[in-house]
2 protein chains.
Amino acid sequence: MAEKIGKKISLQTVDRMSSYRKVLEELHRAGWESVYSHQLAKLVGVGAAQLRRDLASCGTFGNIAKGYPVYKMILTISRLFGTESLQNVVLVGAGNLGQALLSYRSFEERGFHIAVIFDIDDSKVGKVFAGRRCYHIKELETILPDFNINIAILACGTQNLTELVERLRKVGIRSILNFVPKQIQAHRGIYLENVDFAGKLEKLSFINRLGRQIGTYFLGGCMVNFFAVH
Amino acid sequence: MAEKIGKKISLQTVDRMSSYRKVLEELHRAGWESVYSHQLAKLVGVGAAQLRRDLASCGTFGNIAKGYPVYKMILTISRLFGTESLQNVVLVGAGNLGQALLSYRSFEERGFHIAVIFDIDDSKVGKVFAGRRCYHIKELETILPDFNINIAILACGTQNLTELVERLRKVGIRSILNFVPKQIQAHRGIYLENVDFAGKLEKLSFINRLGRQIGTYFLGGCMVNFFAVH
DNA sequence: TTTTTTTAGTGAATATGTTCACAGCACACA
DNA sequence: TGTGTGCTGTGAACATATTCACTAAAAAAA
C-alpha cells in the first residue's frame with residue numbers, strides 16, 4: 001500500500017461533502033459564522049466523529065473550542081470540487097428529462113452550467129431551450145470542442161450508447177452523468193456515474209418489506225438478516 | 001452481534017441487485033438461458049467473486065458448471081424487491097421534473113406505477129398528467145389512503161418539507177425518494193433516499209480534477225491520496 | 001465408466017470504512 | 001494568571017465489504 005503522504009479521500013466522503021456544503025450554505029444564509037461538528041452532523045444526519053474525519057481528510061479546518069468556520073468551509077469544499085467558478089457541461093438529449101434538467105436551479109447554484117445541448121431529433125435541433133441552443137448530435141465533433149467541456153449529462157434514448165460515449169471521449173469528455181436506464185460498457189478513460197430512478201424505488205420497496213426492524217426476515221423465499229438503516 | 005440464522009444483505013448489495021436484474025433482462029430478451037458469474041460480472045462491471053457472493057446472500061441460485069439461470073434469477077430478484085406485481089407510488093410535485101418522471105418509462109417496466117399526483121399550485125390541480133390526476137396537496141389526507149401506497153416521490157418546492165414528510169408518514173408512507181435539493185431532517189419511521197443531481201456533478205468534477213490516476217495530488221490546497229476508480 | 005474440465009459457493013485473508021475515546025488546546029471567566 | 005469547560009483531530013478498536021483461493025460437484029470428454 002502506498003505510504004501516507006497526504007490524506008485519503010474516498011468517494012463516499014466526497015458524496016458526504018456535498019451534503020455538508022449544502023447544509024453549510026443554509027447555515028451561511030441564516031447568518032451562522034461557525035458551527036460545531038456535532039451540530040452540523042445532526043443536521044446532515046451522520047455521526048460527529050465521521051464528519052470530523054471527513055473534514056480532516058480534506059485538510060485542516062476547525063478551530064478547537066470554536067468549531068468550524070462556515071463560510072471558509074464552503075469555499076474550501078468548492079475548491080475541492082473545482083466549482084469556485086461556473087463550469088460548463090453538455091447535455092445530450094432534450095426530451096422530458098433533459099428539459100427538466102435545463103430548468104433545474106441547483107446546477108447553477110452549485111457551480112454548473114449546461115452550456116449546449118445535442119439531440120438526434122430534427123424537430124428539436126435549432127431550437128433554444130431555456131437559453132441554450134440545441135444542435136444535432138452529428139455536429140458533436142464540430143461544435144463541442146469550442147466549449148472546453150469535460151462533463152456530459154446523458155438523458156437521451158438507449159440506441160448506440162457505446163458509440164456515443166466513445167465519441168464524447170474523443171472530444172474531451174472525461175466523466176458522464178448517465179440518466180439512461182441501460183447498462184453502458186466501461187470505457188477506458190471515462191468515469192460513468194449512473195442515476196437509476198427505478199433502481200432507487202426497488203431499494204425503497206425492499207426496505208419497506210423488511211419492516212425496518214433489525215432482525216431476521218423471510219423475503220422472496222430467502223432468509224435475510226437485516227441491520228440498521230439508521 | 002446477532003447469530004447468523006440467514007444471510008445478510010447490505011444495501012450496497014441491494015443496489016447492485018438492481019444492476020444485475022437490469023442486465024439479466026437484456027440477456028433474457030437476447031435469448032440467453034443461463035450465464036456464468038464472470039460473464040454477468042463483466043457486463044455489470046463488478047468482480048465475479050462479488051457477484052457470486054451477492055447472489056448467494058439472496059439464497060442459493062446457480063448451477064455448478066452450468067452458470068445461473070437467467071429467467072429464474074429475474075423472478076427471484078423481483079420477488080426480493082417485491083415488484084412481481086405493479087406497485088403504486090405517489091408523486092408530490094408536478095413541475096418540470098415531476099412531469100418528466102411521469103413519462104419515465106422504466107418505472108412501469110420495473111414494477112412501479114405513479115398512481116396519483118399532488119401539487120400546491122392551483123393551476124395544476126384537477127389536471128390529468130399522462131393519465132394521472134393531480135390533486136391539491138391539502139387533500140392528501142382525504143385522497144391518498146384510498147390508494148394503499150407506501151412509497152412517495154418528492155419533486156416539489158423546498159417549503160414546509162418537514163411538515164410534508166410528517167403528513168405523508170401519517171397516511172402510510174414508509175419511504176421517500178426525494179429529488180428536492182434541500183436537507184430534510186430524519187423522521188422516525190421514514191426511510192429517506194436523496195437524489196442530488198448537483199451533488200453527482202460535484203463528484204464528477206472532483207474525479208476529473210484528480211486525473212484518474214492512482215497516486216497523490218494537490219487539490220484545493222490539500223494533499224490527497226487517490227486509489228482506483230475502477 | 002473414468003478422467004478432465006469448469007464453475008458455484010464459501011472460509012479465510014485482506015482492505016476499507018466507521019466509531020470510540022482521549023490528549024491537547026483554545027477560550028471564557030474568575 | 002490560573003482553572004474549568006468543551007471542542008477538534010486522531011490513534012486504536014471495531015465493523016463491514018471485497019477479494020482470494022480452494023473445495024466439491026456437475027457436465028463433458030475420453
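Start by selecting DNA strand D: 26 residues surround it, and S37(A), R52(A), R53(A), Y68(A) and R53(B) come nearest. Here a residue counts as near when one of its heavy atoms lies within 4 Å of the strand. This is a predicted model, in which local features need pLDDT of at least 70 and side-chain atom pairs count only at pLDDT 80 or more, while totals for chains, interfaces and linings use all residues. To find your way, residues are numbered from 1 along each chain as its sequence is written, chains are lettered from A and ligands numbered from 1 in the order in which they are written, and side-chain values use heavy atoms, with hydrogens and water left out.

**Stop 1: the backbone of strand D**

Zoom in on S37(A), where a polar side-chain atom lies 2.6 Å from a phosphate oxygen of DNA strand D. Next, click R16(B): an N or O atom of its side chain is 2.9 Å from a phosphate oxygen of DNA strand D. Both are polar contacts, that is, pairs of N or O atoms within 3.5 Å.

Now colour by helix and strand (DSSP runs, with at least four residues of H or I for a helix and at least two of E for a strand, numbered from the N terminus). Which element gives the largest share of the surface near DNA strand D? That is α3(B), with four residues.

**Stop 2: strand C**

Select DNA strand C, which also has 26 residues around it, the closest being R53(A), S37(B), R52(B), R53(B) and Y68(B). Of its atoms within 4 Å of the protein, 62% belong to sugar or phosphate and the rest to bases. For a base, look at R52(B): a polar side-chain atom there lies 2.8 Å from a base nitrogen of DNA strand C. For phosphate, try Y68(B), with a side-chain N or O atom 2.6 Å from a phosphate oxygen, and G62(B), with a polar backbone atom 3.0 Å from one. On this surface, α3(A) gives the most, with four residues.

**Stop 3: the inside of the protein**

Hide the DNA and select F197(A). Its contacts (heavy atoms within 4.5 Å), leaving aside neighbours within four places in sequence, include F179(A), F107(B) and F197(B). F197(A) is also among the residues with the most contacts inside the largest nonpolar core, which has 100 residues. Such a core is a set of buried Ala, Val, Leu, Ile, Met, Phe, Trp, Tyr and Cys residues joined through side-chain atoms within 4.5 Å.

Finally, select chain A: buried residues make up 52% of its 230 residues. Buried means under 20% relative accessible area, using a 1.4 Å probe and protein chains only.

How values were computed
A polar contact is a pair of N or O atoms within 3.5 Å; within protein, one must be able to donate a hydrogen and the other to accept it, and residues adjacent in sequence count only if both atoms are side-chain atoms. Buried means under 20% relative accessible area, exposed over 50%, partly exposed in between (1.4 Å probe, protein chains only).
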